[in-house]
Amino acid sequence: MNELPILSILILLPIVGIFFMTLIRNNNDQSSNNLKHTALWISFLNFLISLYLLFSFNHQDADFQFEERYFWIEYGISYHLGVDGISILFIVLTTMLVPICILASYDSIKFSVKEYLIAFLALETFMIGVFCSLDLVLFYLFFEGGLIPMFLIIGIWGGERRVYSTFKFFLYTLAGSVFMLLAIIYIFITAGTTDVSYLLDYNFTRNEQIVLWLAFFASFMVKIPMWPFHTWLPDAHVEAPTAGSVILAGVLLKMAGYGFIRFSIGFFPEASELFAPLIFALSIVAIIVTSLIALVQEDMKKLIAYSSVAHMGFVTLGIFTFTVQGIEGSVIQMISHGIVSAALFLCVGVVYDRLHTREISRYGGLVSKMPMYAFTFMIFILASLGLPGTSGFVGEFLVLLSIFSINTYFAVFATTGVVLAATYSLWLYRRMIFGTLIKDDLSEMLDLTRREIIIFVPLITLTIFIGIYPKPVIDIIEPSAKKIVSQVNGKLN
Amino acid sequence: MENILHIIPEIFIFCSALILLILGLFIKNIKLINNLTILSLLIAVALVINQPYQSIYLNSYVIDEFSSLFKIMIFIGSIVTLVMFVSSREDLHINLYEFPILILLSTLGMMVMVSANDLLAMFIGLELQSLSLYVLAALNRNSLLSSEAGIKYFILGALSSGLLLFGISYIYGFSGNTNFNLIAVNYNSESLGLLIGIVFVLAGLAFKVSAVPFHMWTPDVYQGAPTPITAFFALAPKIAAMGLLVRFLFNSFGELYLDWQQIIFFISIASMMLAAFAAIAQTNIKRLMAYSSIGHIGYALIGVACVSSEGLRSLLIYLMIYLVMNISVFTVILSLKRNDAYFENISDLSGMYKNHPFTTILVALMMFSLAGIPPLAGFFGKFYIFVAALESNMVFLAVIGIIASVISAFYYLRIVKIMYFDEPKEEFDGVNVRSLQVLFYPSSFLVILFFIYPAPIIQLSEYAIKSFY
């Protein structure tokens with residue numbers, strides 16, 4: 001069973017899809033529908049394959065599984081793939097969100113449908129590649145390659161200030177990542193290989209660790225994004241089309257969190273320990289400051305974007321506690337945020353498609369016209385603020401638990417973020433959904449269509465399932481998280 | 001007589017140039033002459049591949065893996081230029097049978113350059129190449145810009161040849177030899193005269209590869225010369241001059257590298273930084289490509305500055321990838337044609353993707369590749385350059401390199417932005433003729449799909465530097 005190169009199939013299937021789609025002419029409605037269906041089925045098939053991967057994954061085994069290794073560039077840089085309990089969840093998250101995104105773009109993308117879908121499938125390839133590559137050069141290839149389709153998605157199908165936003169997005173991320181490239185090259189020269197499973201056992205000297213850690217940090221802090229380098233994110237979110245925001249919040253930010261877990265603390269534990277207070281400080285500032293900024297936003301997407309920065313602050317807090325709970329909490333927080341923020345952006349997309357504005361004050365009293373929508377939106381708002389019983393709670397709780405065991409003050413400050421999150425989320429909900437419906441154009445609003453219900457049902461199910469019964473997810477993460485923590489502690493002692 | 005057989009490819013190119021020159025007087029069919037020229041270049045490729053490796057004529061002329069690889073790259077550049085000539089000769093008013101013959105003579109000069117192991121052979125090759133290029137730059141006699149480009153290139157080129165010759169005389173005077181290997185044996189490292197010689201020769205060669213601060217001619221000549229010739233400038237002479245530079249420095253002054261390393265170090269940094277900033281303000285795409293090529297030469301020079309086998313290897317990888325990327329980009333510039341008139345302004349590309357979706361995505365990917373974004377081929381070129389730089393502990397050079405690459409990403413992205421995000425204009429003819437298609441699609445796909453299996457190129461460049469390390 002293991003002989004089937006299932007990870008390569010996951011990576012290559014979207015490429016095959018792109019190949020077929022280039023052959024389809026796009027000159028009328030019929031053919032553009034065909035294109036949409038093709039892309040949808042390809043990505044759905046990829047989702048099914050990733051489910052197969054999930055179910056044939058051995059939960060007890062903490063090592064990398066489904067490994068593939070082929071000669072690629074030269075000795076030391078190989079095509080090496082594999083998944084463990086952490087990366088497999090991100091792969092499933094990615095393959096799940098892509099069909100949802102394509103489905104969500106069925107009506108909102110009016111022109112150049114073919115190019116749009118091709119860009120999305122290409123993006124899927126890069127995202128899956130990031131999570132399963134076990135070679136640093138390969139990782140960098142996928143990590144940076146994803147910029148190209150995202151640059152085009154924001155730039156072509158985005159809003160009015162799309163050019164500014166997409167340039168900012170691209171150049172910020174690129175400027176951060178090139179330092180990681182130099183670090184990767186340095187690792188290649190000193191260790192003789194860029195193979196991750198080899199490097200996890202390799203010991204860098206303390207000074208090397210510090211410099212390399214900072215180089216990796218430069219890349220990941222921009223990508224995740226951490227305060228004060230988060231400003232590209234609200235811009236990119238606001239201008240991106242709905243599906244672009246969903247992928248951006250749902251998957252692209254998680255690449256950096258994944259990078260922190262896998263590389264920063266895996267390779268450079270001493271430096272991570274040294275810089276942990278810096279991370280804690282930046283994360284706490286991010287949680288509080290961006291939550292306060294979110295309070296005053298007039299634009300729905302901007303509000304959710306700032307809340308994303310705050311949520312990712314919890315993720316970095318958890319990772320750098322070096323405890324099993326902290327890492328588990330961070331991963332669950334990322335998965336949960338991947339589902340919830342994606343769903344929130346989809347919710348914004350629903351009303352944006354109808355009224356073509358994202359200004360919060362243009363809405364109000366939607367509950368009387370759109371009860372189903374109000375219900376859906378409520379679930380995700382509550383999940384976003386971390387209500388017990390939703391997935392948001394599990395992650396935040398575990399992170400706060402782990403940070404409490406390290407430092408009580410940090411925990412207290414971080415907890416204020418939860419309160420602030422409740423404030424801005426609920427206030428957003430009140431302004432949009434409750435109240436009386438006074439604006440005329442809102443009375444024409446229609447409730448969720450069948451397509452939109454299909455989009456939201458799996459997201460709601462997952463949010464509540466993970467919230468009530470997180471054990472299956474934790475079971476998958478636990479062996480790998482334990483292994484990482486024991487490796488780090490082993491190296492530190 | 002046996003000696004002559006060793007330089008069969010050179011003799012073959014020379015004879016075909018002469019024969020075609022005479023033939024051209026009687027046959028008015030320029031296309032036929034052009035095709036025969038392409039054919040002779042293809043035969044020359046085969047001859048070069050089958051040549052035995054040796055050094056001949058008292059070691060003043062070397063045929064080794066390194067020179068053969070460079071010759072093949074030069075042939076590719078020349079063939080590409082001639083293929084571009086087919087579709088554009090009439091509209092660009094360069095429909096002259098001298099065109100292919102001048103290209104051929106210039107190619108011959110470059111072949112001598114990359115094989116030369118002696119100061120005099122090097123100078124002869126360089127001059128043969130340059131004289132043909134001066135004429136080529138001014139080939140469109142009716143165009144003021146083209147004449148200006150020719151004159152400018154000629155005056156500055158003559159100046160640089162003078163500097164070069166001056167340096168050569170110093171080196172000869174202070175070492176008593178013109179042969180690279182004998183200079184290496186006989187030099188006196190305390191000698192200031194020798195150092196002056198190196199500086200002057202390097203200045204002359206920096207002019208040929210258009211490295212800052214000897215780059216002034218590049219934008220004007222690139223803009224003024226007819227597009228196929230601009231492509232030729234970008235493809236062949238720079239690569240040849242780079243090969244010459246490497247052999248000159250490594251064979252004759254390999255031991256003295258501390259003296260010239262800092263010069264290369266400086267011109268490399270200056271080229272990368274100047275190109276990154278100057279290109280931002282360009283409005284003409286050929287001028288932009290001129291600055292882009294200055295920047296790329298800056299990166300390639302990092303490989304020279306490392307003075308290591310990794311450095312040379314990365315230089316070769318970089319040049320090969322650079323060659324392929326430029327083929328694709330210049331083909332597209334040549335396809336920006338509407339009603340028999342060519343367009344060269346960047347703003348003319350506006351909204352191009354509406355009318356030419358497939359071409360545009362390929363061009364956009366070429367721009368990402370030039371900027372060094374993975375997974376495209378340009379990334380691997382830069383990757384190996386930085387590997388070499390860090391391996392030689394040139395962290396500063398590598399950091400400047402990545403900073404310049406982020407800045408230069410901006411102007412490449414600007415082209416993508418104009419093509420995709422701006423309002424569409426009228427349709428161009430596009431890549432619609434066979435002669436452009438055979439250049440555009442293979443080169444683009446090579447760049448895009450390079451990442452699937454890059455190992456052969458890397459092994460090839462390791463093989464080609466065997467004679468140095």
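A residue counts as exposed here if 12 or fewer other C-beta atoms lie within 10 Å of its own, as buried if there are 20 or more, and as partly exposed in between. Keep that in mind for the tour, and remember that this is a predicted model.

**Stop 1: B:Asn393**

Select B:Asn393 to begin. Is B:Asn393 buried or exposed? It has 11 other C-beta atoms within 10 Å, so it falls in the exposed class. You'll find B:Asn393 in the loop that links α17 and α18 of chain B. Check its backbone too: phi is positive, about 60°, even though the residue is not a glycine.

**Stop 2: B:Asn59**

Jump to B:Asn59 for another asparagine. Its phi is near 65°, again a positive value in a residue other than glycine. The loop to look at this time runs between β1 (54–56) and β2 (61–63) of chain B. B:Asn59 counts as partly exposed because it has 15 C-beta neighbours inside 10 Å.

**Stop 3: chain B as a whole**

Zoom out and show just chain B. Its secondary structure comes to 20 helices and four strands. Along the principal axes, the C-alpha trace of chain B spans about 65 × 55 × 40 Å. How does the radius of gyration of chain B fit a compact globule, and what value would that globule have? For 469 residues the globule would be near 23 Å, and chain B has 21 Å, so the two agree.

Now colour chain B by burial: 60% of the 469 residues count as buried. If you draw a contact map, take the contacts in chain B with a separation of 6 or more; residues 24 or more positions apart account for 79% of them.

**Stop 4: helix α16(B)**

Select residues 357–371 of chain B, which make up α16. Put a distance monitor on the C-alpha atoms at its two ends and you should get 21 Å. That agrees with the expected span, because 15 residues at 1.5 Å a residue should also give 21 Å. For the surroundings, 13 of the 15 residues of α16(B) are buried, so the helix is largely enclosed by the rest of the structure. Step just past the end of α16(B) to B:Gly372, where phi is positive, about 85°.

**Stop 5: where chain B touches chain A**

Bring chain A back. Across the contact, 23 residues of chain B meet 28 residues of chain A. On the chain B side, the elements giving two or more residues are α16 (357–371), α17 (377–391), α18 (395–421) and α20 (455–464). Which of these gives the most? That is α18(B), with 10 residues. Colour the chain B side by class and you'll count 20 nonpolar residues, one polar and two charged.

**Stop 6: two cis prolines**

Omega is worth a look in both chains. In chain A, pick the peptide bond from A:Ile224 to A:Pro225: it is cis, with omega near -25°. A:Pro225 sits in the loop between α9 (206–223) and α10 (232–239) of chain A. In chain B, go to the bond from B:Val212 to B:Pro213, which is cis with omega near 5°. B:Pro213 belongs to the loop between α9 (192–209) and α10 (217–224) of chain B.

**Stop 7: the hairpin in chain A**

Stay with chain A and select strands β1 (residues 65–74) and β2 (residues 77–83). The strands run antiparallel and are joined by six bridges. For one pairing to pick out, A:Gln65 has A:Val83 in β2(A) as its bridge partner. Two residues lie between the strands of this hairpin, and A:Gly76 there takes a positive phi near 105°. Five of the seven residues of β2(A) are buried, so that strand is largely enclosed by the rest of the structure.

Switch to confidence colouring before you leave. Chain A has a mean pLDDT of 89, with 100% of its residues at 70 or more. Among the elements of chain A, β1(A) has the lowest mean pLDDT, 86, and helix α5 (residues 136–145) the highest, 93.

**Last stop: A:Lys369**

Finish at A:Lys369, in the loop between α14 (324–355) and α15 (371–384) of chain A. With 15 other C-beta atoms within 10 Å, A:Lys369 is partly exposed. Leaving aside residues up to four places away in sequence, A:Lys369 touches A:Leu437, A:Leu442, A:Ser443 and A:Met445. For a final distance, try A:Lys369 to A:Ile433: they are 64 residues apart along the chain, and their C-alpha atoms are separated by 9.6 Å.

Technical notes: Residues are numbered from 1 along each chain as its sequence is written. Chains are lettered from A and ligands numbered from 1 in the order in which they are written. This is a predicted model: local features need pLDDT of at least 70, side-chain atom pairs count only at pLDDT 80 or more; totals for chains, interfaces and linings use all residues. Two residues are in contact if their C-beta atoms, placed from the backbone, lie within 7 Å. Ala, Val, Leu, Ile, Met, Phe, Trp, Tyr, Cys and Pro count as nonpolar, Asp, Glu, Lys and Arg as charged, and the others, Gly among them, as polar. The expected span of a helix is 1.5 Å times one less than its number of residues. Two strands pair if DSSP finds at least two bridges between them. The radius of gyration is taken over C-alpha atoms; the globule rule is 2.2 Å times the number of residues to the power 0.38. pLDDT is the predictor's confidence in each residue, from 0 to 100.
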